[in-house]
Amino acid sequence: MEPRTLHALELTGAIVGQTVLLAAAWGFLGAVCASDPLTVSDFLANLIHSRPTETTWIVTLVATAFGGIALARGSFLINFRHPGPALVTLAVFAVTKLLVSSWAALLAPTLVTWTVDASGWELDLTSSSFESMLQQELVQSGVALVRGNSTQILDLNGMLSGIAAAEYSFGTGTSGIFNFNGVKYNVSTGGILPAAPGYGGTTNPVSADNTGLAFAGGLVPTHLDVNFPKGHATQGLRQGFTLQQQGLTANVTCQQTDSTSNILNLDSSFYPIPVPFANGTTDYWLWAWNITGDCSEGQPSQQRYVTRSNSSTVPQSSSSGFISSLVCPYPLRQTGFSWEQFTVVTNASWKYDFLPLTVCTINPLVTTSLVSYSNGAINTTVISSQSLGINNTNLTQFLAAIIDYQGRTTQSLTTNSIGDALYSIYVSTSGSNSSSTDDVTKFLIWEMEQYWRGVIEFSGTFLRSAFSVYPRDVPIEAQVPVSGNETITTMGWYRRSAFWGYTIIPITIVALMVYAAAGYTLWNVFMELGNKSFTRFDPSNPVQLMMVSSARDCNNVEDNLGDCLHGFEHGGIGKNENLRVGLKDVTGSDRKRFQVTNEQTSSVTKAPLLLHGTK
């Protein structure tokens with residue numbers, strides 16, 4: 001094939017290849033900008049994330065291959081006596097050297113965050129449907145049912161939730177994670193029901209008899225749909241959710257009250273009961289307490305306790321502590337008045353006498369909360385709240401019953417779990433010189449407020465779980481919407497910065513230069529098709545570069561290149577390609593000349609001039 005024809009085909013192939021690469025680069029950049037981010041499959045994401053070294057090697061290899069088509073290779077010549085061409089040469093050289101790094105920066109995958117809308121539903125505690133369901137169970141079994149199958153949950157978890165909400169773990173001064181039904185909550189539940197997939201907790205099924213107020217733990221399904229684009233559902237490396245949900249909390253206000261104020265006409269009495277040895281002598285005494293008070297609605301409230309003492313008349317005040325709590329209105333009695341808020345009176349004795357007589361007003365609130373699901377735990381932030389109102393009297397009565405239950409079950413024979421937590425705080429703060437007695441008391445009262453708030457919030461989560469547990473059905477009229485988004489961390493590409501988008505510039509410039517040089521050469525080739533000799537000089541052809549630079553030095557008999565090179569006549573270029581040449585010193589000068597070292601080579605040993613030139 002005629003050399004110039006072959007060269008034209010080579011240039012055409014270069015143009016086509018460069019066009020494919022340029023289209024691929026711009027297409028990839030456009031896909032990333034349109035998707036933002038452009039993600040890989042879960043399998044590739046895990047593979048790339050777990051093998052960063054191999055990923056870097058592959059990306060560099062591909063970038064090197066894609067950047068291999070260039071206008072120049074090797075070194076370059078600059079003559080600063082001609083600054084214009086010199087600067088252009090430097091610019092072209094710099095751009096071609098940026099090809100590999102540009103491709104590598106463009107193609108290298110990184111950790112990306114993808115946010116997708118999500119929506120669903122959950123149980124609405126303020127709906128009339130739920131109010132009816134709760135009333136049905138309260139009428140059927142009474143509020144005292146909380147002392148049945150749910151005793152262990154409400155006893156332990158209610159107390160721990162209150163302590164966690166107070167941001168103290170038995171006086172250590174550090175907040176922590178609260179766990180309920182296999183779900184981890186940061187500090188407190190916030191009264192929400194876990195709505196995100198993967199955060200539902202235990203998957204153990206329960207029977208229909210263990211739902212509602214008999215709930216003791218079990219599978220609570222989530223009802224959230226993530227609105228992935230069709231065919232693009234992914235799990236990624238890790239997931240997080242931010243949802244707007246309904247929660248439950250309380251506005252708790254506690255005040256110190258003088259013991260002489262005789263609030264609610266409080267009255268307490270005890271009946272010592274001897275516990276004998278086998279020989280009939282008394283081992284110790286049990287004191288059966290009866291605490292009563294008059295509520296403003298005229299309904300008496302009462303609470304009963306049992307403590308232990310070695311005497312029938314004197315308590316063990318040095319080692320024993322007693323905290324009595326009285327809820328008003330009395331929640332274990334159907335009163336017929338509207339429930340909007342209630343009061344709990346707390347009186348401490350003996351070991352806990354550092355606590356003053358305290359009256360706490362508890363106003364339950366339904367909240368709109370922003371719930372964050374990340375790293376396996378749930379964090380709740382209240383956006384807005386409002387009182388339950390008179391349409392949720394059964395719910396408010398139930399919450400009062402929980403407070404009443406906690407106030408009784410936290411007291412053991414000799415100690416009180418709430419009192420011990422507050423005692424630890426009291427001991428650690430009262431010894432500080434910077435804290436006055438009033439400051440310590442105010443702080444303890446504030447802790448009491450947070451404790452009761454935490455109990456209310458846990459009660460909301462308990463109720464939502466109890467009436468949403470599988471196989472129980474939640475009617476449509478008892479559902480409230482859940483909305484938000486899922487944040488997926490995976491591997492892929494995104495519009496990181498303007499600089500990342502600039503990586504396409506060197507690729508484009510090199511492609512344009514290839515188009516210009518190759519187009520110029522092809523134009524001249526086609527213009528000379530009718531001529532037997534090719535009269536146009538092609539600067540991209542190294543053989544022609546040798547030919548035009550072979551002007552003979554007549555004073556140097558060793559310079560034989562002019563005698564051996566053929567001209568641009570038909571077939572001349574092809575004949576010249578079979579010559580082996582080298583550089584020789586010019587006698588009497590510091591210049592060098594091309595010289596034929598072997599006039600003709602075989603087809604096997606042929607060393608084309610292309611190997612000595614530039615491409």
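At 8% relative accessibility, C254 falls under the 20% cut-off, so this cysteine counts as buried. That's a handy way into this structure, which is a predicted model, because C254 has a partner, C360, that is buried too, at 0%. The two form a disulfide, and a search of the whole structure turns up 1 such link. From there, we'll look at a long-span check on one helix, a pair of packed helices and a loop residue.

**The disulfide**

- The sulfur atoms of C254 and C360 sit 1.9 Å apart.
- Turn about the S-S bond and you get 110 degrees, which makes the link of C254 and C360 right-handed.
- The pair ties together distant parts of the chain: C254 belongs to strand β6 (residues 238-257) and C360 to strand β12 (residues 357-374), with their positions 106 residues apart.
- As for another cysteine, C33, its relative accessible area is 31%, so it lands between the 20% and 50% cut-offs and counts as partly exposed.

**Helix α10**

- Helix α10 covers residues 437-468, and at 1.5 Å a residue its 32 residues should span 46 Å.
- The C-alpha atoms at the two ends of α10 are 47 Å apart, which agrees with that expected span.
- What about its surroundings? Of the 32 residues in α10, 25 are buried, so the helix is largely enclosed by the rest of the structure.

**Helices α4 and α5**

- Two packed helices can be described by the angle between their axes and the distance between those axes.
- For α4 (residues 83-97) and α5 (residues 99-107), the angle is about 35 degrees and the axes are 4 Å apart.
- On the α4 side, the contact is made by V95, T96 and K97, and on the α5 side by L99, V100 and S101.
- Sorted by class, this contact of α4 with α5 has 3 nonpolar, 2 polar and 1 charged residues.

**D36 in its loop**

- You'll find D36 in the loop that runs between α1 (3-35) and β1 (38-39).
- With a relative accessible area of 32%, D36 is partly exposed, because that value lies between the 20% and 50% cut-offs.
- Leaving out residues up to four places away in sequence, D36 touches A31, Y494 and R495.
- D36 and T113 are 77 residues apart in sequence, yet 9.4 Å apart in space, going from C-alpha to C-alpha.

Notes:
Residues numbered from 1 in each chain as written. Predicted model: local features only at pLDDT ≥ 70, side-chain atom pairs only at ≥ 80, totals over all residues. Heavy atoms only, no water. Axes fitted to C-alpha atoms, helices over the stretch in contact; angles between N-to-C directions. Contact = heavy atoms within 4.5 Å. Nonpolar A, V, L, I, M, F, W, Y, C, P; charged D, E, K, R; others polar. Disulfide = S-S within 2.5 Å. Buried < 20%, exposed > 50% of the residue type's maximum accessible area, 1.4 Å probe, protein only. Expected span 1.5 Å × (residues − 1).
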